[in-house]
Amino acid sequence: MKYIIAVIQPHRLDAVRQALADLGVQGLTVSEVRGFGRQKGQTEIYRGAEYKIQYVPKVKLEIAVSASMADAVVGAIGEGARTGRIGDGKVFVLPLEGAMRVRTGEMGADAL
Amino acid sequence: MIDAGNTAWLITATALVLFMTLPGLALFYGGLVRAENLLSVLMQCFTIASLVSVLWLVAGYSLTFSGDGVWIGDLSKMLLRVPRDAVSGTIPETVFFMFQMTFAIITPALIVGAFVERMRFGAVVLFSALWLFLVYVPVAHWIWGGGWLAELGVMDFAGGLVVHLTAGVSALLLAVVLGPRAGFPHDVKPPHAPWMTMTGACMLWVGWFGFNAGSALSAGADAGMAMTVTHISAATATLVWIVIEAVKFGKPSMVGAVTGAIAGLASITPASGYVGPGAALVIGLVGGSLCYVMVMVIKHRFGIDDSLDVLAVHGIGGALGIVLTAIFADATLGGIGLAEGRTIGGQALIQLTGLVAVLIWSVAVSFIIIKVVQAIAGLRVSPEIEEQGLDLSIHGERGYNM
């Protein structure tokens, strides 16, 4: 099993969700986060004054999938999230040691 | 003799002007600070409104509007000791008392914009109380209460000097003594809720109809024209800011547009009862442009953290309106006409005399008040409290429990 964490542009979330649904992904967790990468924040202007925004709003997705699906999921996220501009985000893939479905008590890949 | 129509309009106008402060100005300012200081701004405006109301009843009204002193009124109407059916012009004196109270409320509340995010609550209360009696009340008496500037012939219809200049210059001085917010100018947090600022600005705009058209103290042609020019000036100055930002940054901002509206409203205020709609276009155009430039000059050239631009928007707008009133009040330019035998130049000199007198008085007396408050209560919160935000550390609440 793999645990996939993706940090993407908030406005690409719907496109990514659609791409993952098309792939048959059964569920994912989304949180609103802030951070910076090479983009190094951004500048906003209010009443002519520049404000440095150090942490830019992003959306973080967490998805647990079987190892065989991992590459396809990473590809789908990239496809949905990519705008070609700086700040599109990153995808990380981690090994996942265990899982349990709380309602039934199923363990391992059956729980996904 | 009480006129029912006039009375009905003035009661309405009084409600409109109170609505400018509660919640208009509070929301306008509240949206511009960071989220951890929202409640402190709302609380300061709310507290000042209540405090001034009581002080106005106790002696503020009497010292402003009774007696025939040149410098200050007398104490004959302390606690509003007038007969129930007392008349002021064509409206009940109680209504005049309430209408003027709402002006006395919003003026010190305007100053909040200079010291947001860093002033001690006790110092805010003490400063506002002293400032009401020592700056607002004398100046209001000089110009509206039959004092020396009224006798001189200063034309300040709804408070370019009495409200906007007194608040603007006192605000700047307080900002200087208090010092800038931590991180100013490049690392302060941006406005936390521009939508809230827009909402507050709209309440101010609508409330300003009561402020300017109510200052006619009657429900007739003067009120109608005051309302018209007020609206046109606000709309024009809004467009000015939108154009400037669109050209300069490529992005016209919401915060900029509503700030332009307030600049246009402040600029037309002293002129609103004296000029015509053509003049309102010019006053909105010049007021909007000048206030924009002054925001840059004060914050960036001078490096003064008048945080929400009280002087640049209110003080400068009000002062400009005072000067332009001398020109556009002339009958040949669509105004109601200057006093008999008086030229535009002559009126301009009178306007400038009033402007300089109010400026000097506000600066000198505010400085003394600030020093007294500093000695008694201390002006500034500790760096720890400033970093944590005033809401939780001073008021024990959060603006957003999410």
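## Exercises on a predicted two-chain model

Of the 137 residues in the largest nonpolar core, B:L25, B:C45 and B:L204 touch the most other members. The model is predicted. The exercises begin with this core.

**Exercise 1.** Find which helix of chain B gives the most to the largest nonpolar core, and locate another core.

*Solution.*
- Step 1. Go to helix 3 of chain B, residues 93-115. This helix gives the most, with 16 residues.
- Step 2. Look apart from the largest core for another one, of 14 residues. Its members include A:I4, A:L20, A:V65 and A:A76.

**Exercise 2.** List the residues that B:L204 is in contact with, leaving aside neighbours within four places in sequence.

*Solution.*
- Step 1. Set those sequence neighbours of B:L204 aside.
- Step 2. Read off the partners that remain: B:M20, B:G24, B:L25, B:F28, B:I262 and B:L265.
- Step 3. Check the list against the core. B:L25 is in it, and B:L25 is also among the residues that touch the most other core members.

**Exercise 3.** Describe where chain B meets chain A.

*Solution.*
- Step 1. Count the residues on each side. Chain B has 13 in contact with eight of chain A.
- Step 2. Place the chain B side. Helix 9 (254-268) and helix 10 (277-301) of chain B each supply at least two of its residues.
- Step 3. Sort the residues on that side by kind. Six are nonpolar, four polar and three charged.

**Exercise 4.** Work out why chain A is described as more spread out than a compact globule.

*Solution.*
- Step 1. Take the elements of chain A: two helices and six strands. Along the sequence they follow β-α-β-β-β-β-α-β.
- Step 2. Compare sizes. The radius of gyration of chain A is 17 Å, while the globule rule gives 13 Å for 112 residues. The value is well over the rule, so chain A is more spread out than a compact globule.
- Step 3. Add the spans. Along its principal axes, the C-alpha trace of chain A covers about 60 × 25 × 20 Å.
- Step 4. Add burial. Buried residues make up 16% of the 112 in chain A.

**Exercise 5.** Examine the hairpin of strand 3 and strand 4 in chain A, and its confidence.

*Solution.*
- Step 1. Pair the strands. Strand 3 (residues 42-46) and strand 4 of chain A run antiparallel, joined by five bridges.
- Step 2. Pick one bridge: A:T43 partners A:K52 in strand 4.
- Step 3. Inspect the turn. Two residues lie between the strands, and A:R47 takes a positive phi near 50°.
- Step 4. Weigh confidence. The mean pLDDT of chain A is 92. Within chain A, strand 4 (residues 49-53) is lowest, at a mean of 82, and strand 1 (residues 2-8) is highest, at 97.

Technical notes. Residues are numbered from 1 along each chain as its sequence is written. Chains are lettered from A and ligands numbered from 1 in the order in which they are written. This is a predicted model: local features need pLDDT of at least 70, side-chain atom pairs count only at pLDDT 80 or more; totals for chains, interfaces and linings use all residues. Two residues are in contact if their C-beta atoms, placed from the backbone, lie within 7 Å. Helices (H or I, at least four residues) and strands (E, at least two) are DSSP runs, numbered from the N terminus. Ala, Val, Leu, Ile, Met, Phe, Trp, Tyr, Cys and Pro count as nonpolar, Asp, Glu, Lys and Arg as charged, and the others, Gly among them, as polar. A nonpolar core is a set of buried Ala, Val, Leu, Ile, Met, Phe, Trp, Tyr and Cys residues joined through C-beta atoms within 7 Å. A residue is buried if 20 or more other C-beta atoms lie within 10 Å of its own, exposed if 12 or fewer, and partly exposed in between; C-beta atoms are placed from the backbone. pLDDT is the predictor's confidence in each residue, from 0 to 100. Two strands pair if DSSP finds at least two bridges between them. The radius of gyration is taken over C-alpha atoms; the globule rule is 2.2 Å times the number of residues to the power 0.38.
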